[in-house]
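Open the model in your viewer and have residue selection ready. The stops below each give a selection and say what is there.

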Amino acid sequence: MKQLGLISLIFTSLHSIAQKDAHHVYNGNDFYHSGKISESSREFATALELNPTNRKANFNLGNALYRTGQAIKSGGVSLPPGNTITPDSLAKLAFEQAAQNFAVVANSVSNKDTLQQAWHNMGNCYLQKKDFPQAVEAYKKALKLNPKDEDTRYNLAYALKNRPKD
């Protein structure tokens, strides 16, 4: 009988954690759509601390980090005085982390649309970093899943044109 109680306690705890991480994803989405990207990143990261396998939190954190990288690149984010890292280096770090979040999603979902979006977004991250060979590979994987995606096709052509010649 004690085992049944223990199992019940474990399932109740897991359900509670799932509700908490979902709450942070919900809050993160609200912040993201309100343009509060750093707040959304914190919420998605908290959701991932509670549940590292939360695919929505990984995907959405990837999106938030990508937008952060873009803002840093465009000068929309100012760095504190005396900072030793350059905006370009910081943006590359944001794009790399975003690509890693999309990779987690790409390696854990079977939904074709989500998988295609994850590979496309990963390609965009590599494109921003000027890592054209990686971008090419990601876009090719996205196009295998949706050959009619014109944005991916355009980005692939751009990456192919700009990658180093062998």
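Select Glu150: this residue is exposed, with a relative accessible area of 53% (buried means under 20% relative accessible area, exposed over 50%, partly exposed in between, with a 1.4 Å probe and protein chains only). Add Arg153, which counts as partly exposed at 38% relative accessibility. The two form a salt bridge, and their closest N and O atoms are 3.7 Å apart (a salt bridge is a side-chain nitrogen of Lys or Arg within 4 Å of a carboxyl oxygen of Asp or Glu). Arg153 and Glu150 are 3 residues apart in helix H7, so about one helical turn separates them. Helices (H or I, at least four residues) and strands (E, at least two) are DSSP runs, numbered from the N terminus.

Before going on, note that this is a predicted model, in which local features need pLDDT of at least 70, side-chain atom pairs count only at pLDDT 80 or more, and totals for chains, interfaces and linings use all residues. Residues are numbered from 1 along each chain as its sequence is written, and side-chain values use heavy atoms, with hydrogens and water left out.

**Other salt bridges**

How many salt bridges does a search of the whole structure find? The search finds 3. For another of them, select Lys92 and Asp88, whose closest N and O atoms are 3.8 Å apart. These residues are 4 apart in helix H4, which puts about one helical turn between them. Lys92 is partly exposed at 36% relative accessibility, and Asp88 is partly exposed at 41%.

Now select Glu96 and Lys129, whose side chains meet in a salt bridge at 2.3 Å, N to O. This pair links distant parts of the chain, with Glu96 in helix H4 and Lys129 in the loop between H5 and H6, 33 residues apart. Glu96 is partly exposed, with a relative accessible area of 23%, whereas Lys129 is buried at 18%.

**Lys130**

Move to Lys130, in the loop between H5 and H6. Its phi is near 65°, a positive value in a residue other than glycine. Most residues other than glycine have a negative phi. Lys130 is exposed, with a relative accessible area of 58%.

**Rings**

Select Phe132 and Tyr158. They form an edge-to-face aromatic pair, 6.4 Å centre to centre with 65° between the planes. Rings of Phe, Tyr and Trp (its six-membered ring) pair if their centres lie within 6.5 Å; planes under 30 degrees apart count as stacked, over 60 as edge-to-face and the rest as tilted. By this rule there are 3 aromatic pairs. Phe132 lies in helix H6 (residues 132-145) and Tyr158 in helix H7 (residues 150-162), so the pair ties together parts that are 26 residues apart in sequence. Phe132 is buried at 11% relative accessibility, while Tyr158 is partly exposed at 40%.

Next select Tyr32 and Arg67. Arg67 lies over the face of Tyr32, at 4.9 Å from the ring centre (a charge sits over a ring if NZ of Lys or CZ of Arg is within 6 Å of the ring centre and within 35 degrees of the ring normal).

**The nonpolar core**

Which residues touch the most other members of the largest nonpolar core? Select Trp119, Met122, Cys125 and Ala159, out of 37 residues in this core. A nonpolar core is a set of buried Ala, Val, Leu, Ile, Met, Phe, Trp, Tyr and Cys residues joined through side-chain atoms within 4.5 Å. Helices H1, H2 (37-50), H3 (55-73), H4 (87-106), H5 (112-128), H6 and H7 each supply at least two residues of the core. Not counting residues up to four places away in sequence, Trp119 touches Ala106, Ala138, Lys141, Ala142 and Leu145 (contact means heavy atoms within 4.5 Å).

**Ser41 and Thr68**

Select Ser41 in helix H2, which is buried at 13% relative accessibility. Beyond four places in sequence, Ser41 touches Leu61, Ala64, Leu65 and Thr68. Thr68 lies in helix H3 and is partly exposed at 24% relative accessibility. With the same sequence neighbours left out, Thr68 touches Ile37 and Ser41. Thr68 and Ile37 are 31 residues apart in sequence and 7.0 Å apart in space, C-alpha to C-alpha.

**Confidence**

Last, colour by pLDDT, the predictor's confidence in each residue, from 0 to 100. The chain has a mean pLDDT of 88, and 89% of its residues reach 70 or more. Helix H1 (residues 2-33) has the lowest mean among the elements, 68, and H6 the highest, 98. Select residues 4-17: pLDDT stays under 50 there, and the model has 1 contact beyond four places in sequence for them. Where pLDDT is low, the predicted coordinates should not be read in detail.
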